[in-house]
Amino acid sequence: MSDFSANLKGLRKQANMSQDSLAEQLSVSRQTVSSWERGKSYPDLDMLVRICEILHVTPNKLLYPSEKRNQYRVFEIFNAAFFQKTAITVFVIGFLLGISAGSEAYSPAPDTVSWHFVFSNALKYWGCTFLIGMVFIGIARILALLYMIGEIKQGEGERE
């Protein structure tokens, strides 16, 4: 049984439809739907679009097995918001590390402690933090643009 055949049968049952009711809505015989589900024949493209509309699914969901559809699920986890939050976290941690590295205490005389800030020590951390944070912001912007042009479906994590 092909991926299409198994998916068609499963999605039809998930929609609580019989072969007869699907066939009636598609204006084909029940035997035609049965042969599609057994992998003996396949619908043409126009019929495939109508099947997707009736079952309320995307063509990818109907044509491909779940493991192929799930390969883009990474975009649901690592989306634009994730990279924006990561960039902010990197900026905050880097800023605090820079302050810590630049802070120096010294004792100019007995029983006294003074504090000063060494900018060059902090700059090492701040420079790296800025570059890493900007990389994360860049990734977030690229993903946001891909969502806008529809390259990645935001809700399903599937490519068109």
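## Helix α2 against helix α4

In this predicted model, helices α2 and α4 are oblique to each other. The reason lies in the crossing angle: the axes of α2 (residues 19-26) and α4 cross at roughly 120° and come within 10 Å. That angle lies outside the range of 65 to 115 degrees that counts as roughly perpendicular, and it is not over 145 degrees, the limit for roughly antiparallel. The crossing of α2 with α4 is right-handed.

On the α2 side, the contact is formed by Leu22, Gln25 and Leu26, and on the α4 side by Met47, Arg50, Ile51 and Ile54. Sorted by class, five of these residues are nonpolar, one is polar and one is charged. Gln25 belongs to α2, and Arg50 belongs to α4.

## Helix α1 against helix α4

Helix α1 spans residues 3-14 and helix α4 spans residues 45-55; the two pack at an angle of about 30°, and their axes lie 11 Å apart. That angle makes α1 roughly parallel to α4, because angles under 35 degrees are placed in that class. In handedness, α1 passes α4 in a left-handed crossing.

Four residues of α1 take part in this packing, namely Phe4, Leu8, Leu11 and Arg12, and they meet Leu48, Ile51 and Leu55 of α4. The contact of α1 with α4 comprises six nonpolar residues and one charged residue, with no polar residue. Ile51 of α4 appears in the contact with α1 and also in the contact with α2.

## Val28 and its surroundings

Val28 lies in the loop that joins α2 to α3, the latter covering residues 30-37. Its relative accessible area is 22%, so Val28 is classed as partly exposed; the buried class would require a value under 20%.

Leaving aside residues up to four places away in sequence, Val28 touches Ala23, Val33, Trp36 and Met47. Met47 stands 19 residues from Val28 along the chain, and the C-alpha atoms of the two are separated by 9.9 Å. Met47 is also one of the α4 residues in the contact with α2.

## Loop residues with positive phi

Which residue in the loop between α1 and α2 is exposed, with a relative accessible area of 73%? The residue is Asn16, and its area places it in the exposed class. Asn16 has a phi near 55°, a positive value in a residue other than glycine.

A further case is His56, found in the loop between α4 and α5 (59-63). Phi of His56 is near 60°, again positive in a residue that is not glycine. With a relative accessible area of 71%, His56 is exposed.

## Overall fold and confidence

The protein contains nine helices and two strands, and their order along the sequence is α-α-α-α-α-α-α-α-β-β-α. Of its 160 residues, 29% are buried. Among contacts with a separation of 6 or more, 58% join residues that are 24 or more positions apart.

The average pLDDT of the protein is 84, and 84% of the residues score at least 70. Over residues 154-160, however, the pLDDT is below 50, although this stretch has 22 contacts in the model beyond near neighbours in sequence. Where pLDDT is low, predicted coordinates should not be read in detail.

Conventions. Residues are numbered from 1 along each chain as its sequence is written. This is a predicted model: local features need pLDDT of at least 70, side-chain atom pairs count only at pLDDT 80 or more; totals for chains, interfaces and linings use all residues. Side-chain values use heavy atoms; hydrogens and water are left out. Axes are lines fitted to C-alpha atoms, for helices over the stretch in contact, and angles run from 0 to 180 degrees between N-to-C directions. A crossing is left-handed if the near helix is turned anticlockwise from the far one by less than a right angle, and right-handed if clockwise. Contact means heavy atoms within 4.5 Å. Ala, Val, Leu, Ile, Met, Phe, Trp, Tyr, Cys and Pro count as nonpolar, Asp, Glu, Lys and Arg as charged, and the others, Gly among them, as polar. Buried means under 20% relative accessible area, exposed over 50%, partly exposed in between (1.4 Å probe, protein chains only). pLDDT is the predictor's confidence in each residue, from 0 to 100.
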